[in-house]
There are 2 protein chains.
Amino acid sequence: MSNYVIGVDLGGTNLKAGIVDKKGKIHSRLSIKTHYNADPQTISDQIFKLIHDIIMIAQVKTSDIVGIGLGSPGLIDKRGETILFSPNLPQWRNIPIKEMITKRFVVPCVLENDANAAAWGEKWVGAAREASSVVMITLGTGIGGGIIIDNKLWRGANNVAGEIGHMVIQKDGRKCNCGNYGCIEAYASATAMVRRFKELLKSGAVSLLKNSDEITAKMINDAALQGDKASLDIIKETGQYLGIALVNIMHIVNPEVIVLAGGMAASGELLMEPVRQLTKQKAFEASYKDTKIVFSQLGNDAGIIGAAGCLLKELEISV
Amino acid sequence: MSNYVIGVDLGGTNLKAGIVDKKGKIHSRLSIKTHYNADPQTISDQIFKLIHDIIMIAQVKTSDIVGIGLGSPGLIDKRGETILFSPNLPQWRNIPIKEMITKRFVVPCVLENDANAAAWGEKWVGAAREASSVVMITLGTGIGGGIIIDNKLWRGANNVAGEIGHMVIQKDGRKCNCGNYGCIEAYASATAMVRRFKELLKSGAVSLLKNSDEITAKMINDAALQGDKASLDIIKETGQYLGIALVNIMHIVNPEVIVLAGGMAASGELLMEPVRQLTKQKAFEASYKDTKIVFSQLGNDAGIIGAAGCLLKELEISV
């Protein structure tokens with residue numbers, strides 16, 4: 001009986017792979033730098049080598065591998081076979097990666113959007129275990145999301161559901177990278193929080209941090225933990241913006257669990273407290289009192305574990 | 001073989017019932033004024049009499065009735081048995097109406113939120129036929145909604161999904177009846193449009209309509225059709241607000257079809273044109289180009305037909 005799945009996470013900084021067992025535990029892992037702007041052939045070779053190497057490192061027999069789950073940012077075709085476009089691999093357009101991997105390794109493969117894969121990971125063995133409906137929000141450079149309805153990933157009619165980051169919470173508000181105005185990503189992503197922090201300093205607020213291009217969300221978080229008022233204020237405000245997005249999700253989707261993930265989750269209770277306060281204040285009681293709002297449990301492993309879990313789900317291997 | 005379902009729509013103005021066949025066609029209908037503030041016993045008797053009378057009027061044998069589908073505004077318990085609270089029947093609290101009807105008429109009964117029932121009606125035999133994912137938005141005094149995912153009504157973890165009207169599109173914006181600020185209902189419901197229109201007149205805009213408490217959404221629509229600029233402007237602006245809500249729905253749920261229903265649908269292309277323009281401008285192309293945005297086909301019958309359809313769906317009677 002085959003016992004392991006290879007989970008692959010095609011990140012913008014690193015391509016990561018792990019050997020994952022049927023209980024969602026990673027046994028071996030490997031990470032290599034992403035050749036960001038490489039041609040399709042180079043990237044494909046990188047991915048093939050990554051998968052090959054992780055099998056070698058883990059010293060598992062190929063007969064022990066159930067299949068390969070692949071999580072990729074960007075747009076995937078409706079049939080889940082082709083990466084149409086990925087912001088992390090700009091030269092990749094219309095790459096039929098599922099077929100390429102299946103041919104090369106002669107095992108089943110599934111291709112899933114990375115945010116969806118991560119959401120599935122949290123539902124499978126993470127913060128949303130036992131929930132049948134989940135919305136996961138990834139708070140990093142941008143804001144992404146994944147939705148699980150009735151124990152299944154909901155990808156939308158065109159595979160673009162769960163684009164939580166581009167929900168408008170302020171008509172005609174701040175400009176977003178997507179070209180639109182007032183998206184939650186333009187207020188509450190790590191990048192947006194840093195921008196608002198710099199504006200705050202510029203307006204005269206006193207802080208441990210000097211205003212410079214070097215400021216990161218992590219620095220703001222560290223300063224907040226040292227009691228820096230400007231940093232505390234900006235994280236609180238970020239939580240309040242996020243709270244609005246969560247209220248909207250509770251009104252529209254009304255999931256059992258909302259999972260917050262990504263780099264910004266490092267702020268912990270500093271971020272969670274205003275989120276909880278705002279949702280309590282503004283969501284319907286029926287929704288608020290029963291919706292669990294939690295941080296990711298799998299952290300950076302959610303992509304690898306989730307991609308592996310998606311393969312098992314696709315093959316309907318009970319775990 | 002039983003051939004008919006009774007669909008009942010518990011509206012704030014009228015209690016309506018219809019004899020519906022398995023193809024979603026209404027054969028007889030009956031409507032009585034809702035005793036808005038009556039005690040539970042009076043309302044129950046009204047509903048029983050309504051069902052009894054429609055059977056008499058239609059001259060169908062009771063053996064020909066498959067069951068009764070009931071659509072009610074407000075909050076229904078998770079098991080779909082009890083009306084916990086309905087804004088239209090304020091004295092009704094925790095009424096186990098499903099059991100009451102089943103006992104009285106000795107046929108199966110389903111109880112569904114009225115917006116969900118209407119959405120199901122449009123999916124069954126209306127504007128969203130053949131779509132597997134649908135979001136319906138009801139534009140009346142308030143704004144309601146129903147969501148169908150993967151050919152099933154999605155009610156949410158606590159039966160409060162699809163509360164589209166309380167999606168915030170303007171943080172700290174206009175006050176909404178729900179107590180929150182900036183909900184789409186506070187901008188684009190019939191009531192909100194009238195309010196904005198009055199403000200426009202107050203600010204000096206010229207119109208065929210005189211500023212008074214008598215102004216209704218219908219009057220604004222009629223004036224617009226006569227070319228009244230202030231009325232045209234306010235309907236266009238309403239469409240733009242609605243457009244933002246639709247963009248959010250396309251980003252989060254990404255349904256195949258979005259159905260606009262309710263009294264405001266009477267504005268037709270005057271309302272639809274700015275909605276389409278704004279979604280084209282602001283939604284992702286992958287979502288925009290394939291999402292159908294249409295008006296309800298069943299109009300005021302959606303509630304009766306949908307409630308009947310929900311009963312058939314519950315009994316899994318193929319149609």
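The exercises below, each with a worked solution, go through the contact between two chains and then through parts of chain B.

This is a predicted model, in which local features need pLDDT of at least 70 and side-chain atom pairs count only at pLDDT 80 or more, while totals for chains, interfaces and linings use all residues. Residues are numbered from 1 along each chain as its sequence is written, chains are lettered from A and ligands numbered from 1 in the order in which they are written, and side-chain values use heavy atoms, with hydrogens and water left out.

**Exercise 1. Describe the contact between chain A and chain B.**

Step 1. Begin with the residues in contact, where contact means heavy atoms within 4.5 Å: chain A gives 43 residues and chain B gives 43 residues.

Step 2. Turn to the buried area, which is the accessible area (1.4 Å probe) that two parts lose on being put together, summed over both. Between chain A and chain B this comes to about 3600 Å², with 61% given by carbon and sulfur atoms. Of the area that chain A buries against chain B, 20% is supplied by Trp154(A), Lys171(A) and Ile252(A), more than by any other three residues.

Step 3. Look for salt bridges, each being a side-chain nitrogen of Lys or Arg within 4 Å of a carboxyl oxygen of Asp or Glu. There are two salt bridges between the chains, and the side chains of Asp150(A) and Lys152(B) meet in a salt bridge at 2.8 Å, N to O.

Step 4. Find the elements of chain A involved, bearing in mind that helices (H or I, at least four residues) and strands (E, at least two) are DSSP runs, numbered from the N terminus. Strand E10 (143-149), helix H7 (229-252) and helix H9 (285-288) of chain A each supply at least two residues to the side that touches chain B, and H7(A) has the largest share, seven residues.

**Exercise 2. Place strand E4 of chain B among its partners.**

Step 1. Decide whether the strand is enclosed, using the rule that buried means under 20% relative accessible area, exposed over 50%, and partly exposed in between (1.4 Å probe, protein chains only). Eight of the eight residues of E4(B) (residues 65-72) are buried, so the strand is largely enclosed by the rest of the structure.

Step 2. Identify the partners, given that two strands pair if DSSP finds at least two bridges between them. Strand E1 (residues 4-10) of chain B runs parallel to E4(B) and is joined to it by six bridges, with Gly67(B) as the bridge partner of Val5(B). Strand E8 (residues 109-113) of chain B also pairs with E4(B) in the parallel sense, over five bridges, and here Ile68(B) stands opposite Cys109(B).

**Exercise 3. Work out the pairing of strand E9 of chain B.**

Step 1. Check burial: five of the six residues of E9(B) (residues 134-139) are buried, so this strand is largely enclosed by the rest of the structure.

Step 2. Follow the chain onward, where a hairpin of three residues joins E9(B) to E10(B). These two strands pair in the antiparallel sense over six bridges, and Ile137(B) has Gly145(B) as its bridge partner.

Step 3. Add strand E12 (residues 257-261) of chain B, which runs parallel to E9(B) and is joined to it by five bridges, with Met136(B) opposite Val259(B).

**Exercise 4. Locate Gly303(B) and its surroundings.**

Step 1. Gly303(B) lies in helix H10 (residues 302-314) of chain B and counts as buried, at 11% relative accessibility.

Step 2. Not counting residues up to four places away in sequence, Gly303(B) touches Asp9(B), Ala117(B) and Ala118(B).
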